Amino acid sequence: MRRARLHRRSRTRTTALAGLVAAVLTLSACTDGSSDDGGSQAKSAPDQGSQAKPRPKPKPEPKPKPAWRQRPTSIAALGDSITRGFDACKPLADCPQVSWATGTDAQVDSLAARLGAKQRWNFARTGAQVADLPVQANEAIARKPELISILIGANDACRPTTAGMTSVGTFRTTVADSLRSIRKGLPKTQVYVASVPDLERLWEVGKDNPVTQQIWKLGICQSMLKSPQASTTADDGRRGRVRDRVREFNRVLREECAKVSLCRFDGNATFQYDFSVADLSKWDYFHPSKTGQASLAEIAYRKVTSR
């Protein structure tokens with residue numbers, strides 16, 4: 001009996017010991033690799049590869065270009081003797097009241113008058129070349145007009161000789177700088193750029209007129225108008241070089257205007273205008289008469305009010 005009891009106790013102890021060993025082994029298996037600090041941190045550390053990438057900021061939408069206004073209420077004119085109305089009213093004198101851009105003469109019906117502009121300024125200067133454009137531009141900027149007109153370049157081609165004509169590079173640099181200054185100083189002001197008139201057309205109109213021939217001998221635009229009836233190879237080449245330079249000036253005006261917002265070139269409309277003797281001053285047969293000024297005003301008005 002006693003032996004049987006001892007045997008049962010021994011078996012019970014063995015079973016308990018086996019259970020204890022199994023529990024220890026089970027506990028070790030459950031905690032191995034995850035109960036130490038390193039294992040716990042590695043498991044809880046954020047997965048760098050799976051982190052959500054920040055969304056890129058949306059690109060700002062481009063600002064809409066300002067619309068061209070067909071009825072600006074103020075205008076400032078830049079340019080040379082053409083815009084001053086030189087020799088249109090009396091000899092050797094400016095006549096700004098007949099200016100195609102800002103004049104008040106009803107016969108001309110200037111661009112400003114056709115637009116109904118309430119304010120107008122004429123900063124053009126007789127004899128001006130493109131080198132004078134930056135100064136005129138600054139004068140216009142100070143007035144803050146809604147529209148600036150530019151007609152410049154005839155005097156840069158009309159020189160005593162073709163060698164004295166303004167270079168295309170200088171012409172481009174000066175025009176570009178002036179347009180940038182206007183745009184920087186007046187971001188919302190519109191600019192109308194007229195092409196340089198065709199000086200060869202001027203020669204064709206007056207070359208056979210004895211009165212014109214005598215007047216041109218006084219020294220008017222000799223690069224083109226010298227010896228108007230001469231037809232030698234040298235004379236033809238000289239006139240061709242002047243015309244080519246005018247065409248290059250107009251290309252510069254078109255290209256540089258295209259680089260600036262709110263700038264309109266006339267599409268060579270002034271250069272291509274087929275003017276007659278009636279469009280020329282009766283005192284020098286070079287500058288526009290009142291009729292010629294009215295024609296320039298009509299061209300400009302069509303371009304400025306075009307959609």
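## Pocket, cores and a helix

The largest pocket holds about 320 Å³ of space. A pocket here is an open set of points on a 1 Å grid over the protein atoms alone, where a 1.4 Å probe fits and protein lies on both sides within 12 Å along at least five of seven lines; lining residues have an atom within 4 Å of a point. This is a predicted model, so local features need pLDDT of at least 70 and side-chain atom pairs count only at pLDDT 80 or more, while totals for chains, interfaces and linings use all residues. Residues are numbered from 1 along each chain as its sequence is written, and side-chain values use heavy atoms, with hydrogens and water left out.

**The pocket**
- Of its 20 lining residues, Gly219, Ile220, Cys221, Phe286 and His287 sit closest to the centre.
- The lining splits into 10 nonpolar, seven polar (Gly counts here) and three charged residues.

**The cores**
- The largest nonpolar core (buried Ala, Val, Leu, Ile, Met, Phe, Trp, Tyr and Cys joined through side-chain atoms within 4.5 Å; buried means under 20% relative accessible area with a 1.4 Å probe, protein chains only) has 50 residues.
- Helix H11 (residues 233–258; helices are DSSP H or I runs of at least four residues, strands E runs of at least two) gives this core the most, with six residues.
- A second, separate core has 21 residues, including Trp68 and Trp100.

**Helix H7**
- The 18 residues of H7 (168–185) should span 26 Å, at 1.5 Å times one less than the residue count, and the end C-alpha atoms are indeed 26 Å apart.
- Among the buried residues of H7 are Phe171, Leu179 and Ile182.

Definitions and conventions: Grid points are joined across faces, edges and corners, and a volume is the space filled by probe spheres set on the points.
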